[in-house]
Amino acid sequence: RTPAARHRSRRPAMTTIDDLPEDVLVELLSLLPVRDLIHACRLVCTQWRYVVDLTILWKRKCQREGFYTQNLDRSISDWKIFYMLCSLKKNLIKNAIAEENFQHWKVDKNGGDKWKIEALPGPYGREMPDPKVHRYFVTSYGPCLKSQLITLQKEGYWNQLMDEKRPEIVVKDWYAARFDCGCRYELTVRLLSEDYIVLEEFHPEPVVIEQWSDAMWREVSHTFQNYPAGVRYIWFQHGGQDTQFWAGWYGIRVTNSSITIGPLTL
């Protein structure tokens, strides 16, 4: 052989990413965004599809992003779904703390002197337990109701996920009266099908607060579990009025509403 040929024969074989040990490949792929893993990496070859589907890869992604604690090891049956739910989790109610006027809200009833926004603590009121909340919506002497319709697909929750996994849907709302006037608070939350049929509903008895109350902020909470398949929308409505029919804004105050979708372990 020529000297050049002998030189080429002594070169080590080139190592490719496919030659990496499985644990190293898991570590590298766990750094990628979930969209790239599902829509690109998983389609590269049989080996990569196998690695992307490994429980340890999704568990590693949970560790990287702070979704993992050791006490979850036995309670999580599907780490891939757990990771996706954790990464999607956010408050689905927009403008929950009245920082954007009435944007994103549909005013269904606007009785009396209509809805208004005030700064905490407000006349004869108290501060919220959450220091990040600085404003609230307040009702008048006629019925005042406002609502939001949440489209789950727009928020990243695909139909198969909702139908097969049925993750917990947690609803929370905060309400308070002012010290010097009685008022009424009500809440309705509905899980709706694609055709807007009500599949499940949370509608507790309205809360009536008497005059000269403690004006404390209180939280109402409900978790939808094991609901029927087919949920595509969530409809949230709250409000009320004062019970003494005083001109102005003496009715129930609401703020810091939230709807989050699983997992409850976070």
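**Strands, sheets and a surface patch**

In strand E7, Phe202 sits across from Val189. This is a predicted model, in which local features need pLDDT of at least 70 and side-chain atom pairs count only at pLDDT 80 or more, while totals for chains, interfaces and linings use all residues. Residues are numbered from 1 along each chain as its sequence is written, and side-chain values use heavy atoms, with hydrogens and water left out. Strands (E, at least two residues) and helices (H or I, at least four) are DSSP runs, numbered from the N terminus.

Val189 and Phe202 belong to the pairing of E6 with E7 (residues 198–202), an antiparallel match held by four bridges; two strands count as paired if DSSP finds at least two bridges between them. Five residues separate E6 and E7 in what is a hairpin, and Tyr196 in the turn has a positive phi of about 65 degrees.

E6 itself spans residues 183–192, and eight of its ten residues are buried, meaning under 20% relative accessible area (exposed is over 50%, partly exposed in between; 1.4 Å probe, protein chains only). E6 has further antiparallel partners. With E10 (residues 233–242) there are ten bridges, and Leu192 is matched there with Tyr233. With E8 (residues 207–209) there are three bridges, and here Cys183 faces Ile209.

Elsewhere, five strands make up an open sheet in the order E2-E3-E11-E5-E9, paired antiparallel. Its edges are E2 (116–119) and E9 (218–224), each of which pairs on one side only. From one strand to the next, the twist averages 35 degrees, with axes taken as lines fitted to C-alpha atoms (for helices over the stretch in contact) and angles running from 0 to 180 degrees between N-to-C directions. Within this sheet, E5 (residues 169–176) and E9 run antiparallel and share seven bridges; Ile169 has Phe224 in E9 as its bridge partner.

Turning to the surface, Val24, Leu28 and Leu31 form a nonpolar patch with about 240 Å² of accessible area together. Such areas come from the Shrake-Rupley method with a 1.4 Å probe, and for residues only the protein chains shown count as cover. Patches are built from residues with over 30% relative accessible area and no salt bridge, joining like charges within 9 Å and nonpolar side chains (Val, Leu, Ile, Met, Phe, Trp, Tyr) within 5 Å; a salt bridge is a side-chain nitrogen of Lys or Arg within 4 Å of a carboxyl oxygen of Asp or Glu. Leu28 lies in helix H2 (residues 22–29) and is partly exposed, at a relative accessible area of 37%.
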